[in-house]
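The following exercises introduce a structure to a reader who has not met it before. Each task is followed by a solution in steps.

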Amino acid sequence: MNLVFAGTPEFAKVALQALLAAGHEIALALTQPDRPAGRGLKLTPSPVKAAAVAAGVPVLQPRSLRLDGKYPQEAAEAHEALRAARADAMIVAAYGLILPQSVLDIPRLGCLNIHASLLPRWRGAAPIQRAIEAGDAETGITIMQMDAGLDTGDMLLKAALPIMPGQTAGELHDDLARLGGELIVQALARLEVGDLAATPQPAEGVTYAAKLDKAEAALDFTRPAEELARRVRAFNPVPGATVRLPGLPDPVKAWRAQALDETVAAAPGSVVRAGAAGVDLATGRGILRLTELQKAGGKRQPADVFVRGWSPGPL
């Protein structure tokens, strides 16, 4: 098929590469503008832009696609380029810009979205993290026919993936990215032969995956240990859960943790034990054991290494 691809991060790059490997023609790639990154804040292309350029795919980076928005000239140029591409379909994966109806109507077969959840559960910006945080046993990929709503379009193809014990958002992201690439290739193959039925999303079971907020990173130790352990996993690698430990002036990043079903007479957030096995803190119910930590300005360390370089005082 002749396609337009719209996406920005690594998740989308995997799908773009899968489409290219399957022999699809990508007439145009849309992605977010280059952003400052690294210590030098050098303007850096998105993963999708880097992959598209490497494959010889033309790239467009409008700041908006809304003709009545803040950047109408950029939007108009993007509309013109989309019409000129004469694409059969537009594939969208974690693009980051709202597609108005005027864009959705341009490709012959419309716009297909690769969404990292089993819709209608976890519509919205952070479905991978929210699924882990909520303790879901599984998640997956939904290929959806886009409409003007927030992930409300008809479902075309779904595949489930179990969330493994201890799995972080970063690890689940990589598994879902691969599945998304495989599923969009399957969906297009079936679409070409007329074997892809659209199913409206059910009204029951709708949940929304709110965008991650840095304010959520600080762990609230009045909550149960099991809930906090899930949040540590969900916020690894971004934004990273944080905890304050005695003897250290700045919050510490907690990258891996586990919940212990143990009752202690200690205030929530206080250190119960610290050793090679981990740093154990009291919570509203149970103990949260931190097994991988990072001081401000330092490197990630397993608990045994971290504890050797930390003096918490008497426990």
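**Exercise 1. Pairing around β13**

In which sense do strand β12 and strand β13 pair, and over how many bridges?

*Solution.* The model under study is a predicted one. Step 1: locate the two strands; β12 covers residues 241–243 and β13 covers residues 252–260. Step 2: read their pairing, which is antiparallel and comprises three bridges. Step 3: identify a bridge within the pair; Ala 241 has Ala 254 of β13 as its partner. Step 4: examine the further pairing of β13 with strand β16 (residues 287–294), where seven bridges join antiparallel strands. In this second pairing, Gln 258 is placed opposite Arg 289 of β16.

**Exercise 2. The chain as a whole**

Determine how many helices and strands the protein chain has, and what share of its residues is buried.

*Solution.* Step 1: count the elements; there are eight helices and 17 strands in the protein chain. Step 2: consider the extent of the C-alpha trace, which spans about 70 × 45 × 35 Å along its principal axes. Step 3: consider burial; of the 315 residues, 47% are buried. Step 4: consider the contacts between residues at least 6 apart in sequence; 62% of these join residues at least 24 apart.

**Exercise 3. The seven-stranded sheet**

State the order of the strands in the open sheet of seven strands, and name its edge strands.

*Solution.* Step 1: follow the sheet across; the order is β5-β2-β1-β6-β7-β9-β10, and the pairing is mixed. Step 2: find the strands that pair on one side only; these edge strands are β5 and β10 (155–162). Step 3: inspect the pairing at β10; strand β9 (residues 138–145) runs antiparallel to β10 and is joined to it by seven bridges. Gly 140 faces Ala 160 of β10 in this arrangement. Step 4: add the helix α6, which packs on the sheet and touches β1, β6 (89–93), β7 (111–115), β9 and β10. The direction of α6 makes about 150° with that of β10.

**Exercise 4. Helix α6 and its neighbour α1**

Describe how α1 and α6 pack, and classify the residues that make the contact.

*Solution.* Step 1: establish the geometry; the two helices pack at an angle of about 35°, and their axes are 8 Å apart. The crossing of α1 past α6 is right-handed. Step 2: list the participants; α1 contributes Glu 10, Phe 11, Val 14, Ala 15, Ala 18 and Leu 19. The residues contributed by α6 include His 173, Leu 176, Gly 181 and Leu 188. Step 3: classify the contact residues; 10 are nonpolar, two polar and two charged.

Step 4: turn to another residue of α6 (residues 169–192), namely Arg 190. Arg 190 has a relative accessible area of 32%, so it is partly exposed, as this class lies between the limits of 20% and 50%. Leaving aside residues up to four places away in sequence, Arg 190 touches Leu 157, Asp 195 and Leu 196. The C-alpha atom of Arg 190 is separated by 10.0 Å from that of Leu 156, 34 residues apart from it along the chain.

**Exercise 5. The two faces of α2**

Explain why the buried residues of α2 lie on the same side of the helix.

*Solution.* Step 1: name the buried residues of helix α2 (residues 47–54), which are Val 48, Lys 49, Ala 51 and Ala 52. Step 2: consider their spread; they lie on the same side of α2 because they cover an arc of only 165° around the axis. Step 3: identify what this side packs against, namely β1 (2–7), α1 (10–21), β2 (25–30) and β5 (59–60). Step 4: look at the face turned away from the buried side; Val 53 and Ala 54 are exposed there.

**Exercise 6. Backbone features in loops**

Which peptide bonds ending at Pro 237 and Pro 239 are cis?

*Solution.* Step 1: the bond from Asn 236 to Pro 237 is cis, with omega near 20°. Step 2: the bond joining Val 238 and Pro 239 is also cis, and its omega is about 0°. Step 3: place the prolines; Pro 237 lies in the loop between α7 (225–234) and β12, and Pro 239 is found in the loop between α7 and β12.

Step 4: consider positive phi values outside glycine; Leu 41 has phi near 50° and lies in the loop between β3 (35–37) and β4 (42–44). Leu 41 counts as exposed because its relative accessibility is 58%.

Conventions
Residues numbered from 1 in each chain as written. Predicted model: local features only at pLDDT ≥ 70, side-chain atom pairs only at ≥ 80, totals over all residues. Heavy atoms only, no water. Buried < 20%, exposed > 50% of the residue type's maximum accessible area, 1.4 Å probe, protein only. Helix = DSSP H or I, 4+ residues; strand = E, 2+ residues; numbered from the N terminus. Arc of directions from axis to C-beta. Contact = heavy atoms within 4.5 Å. Axes fitted to C-alpha atoms, helices over the stretch in contact; angles between N-to-C directions. Left-handed = near helix turned anticlockwise from the far one by under 90°. Nonpolar A, V, L, I, M, F, W, Y, C, P; charged D, E, K, R; others polar. Pairing = 2+ DSSP bridges.
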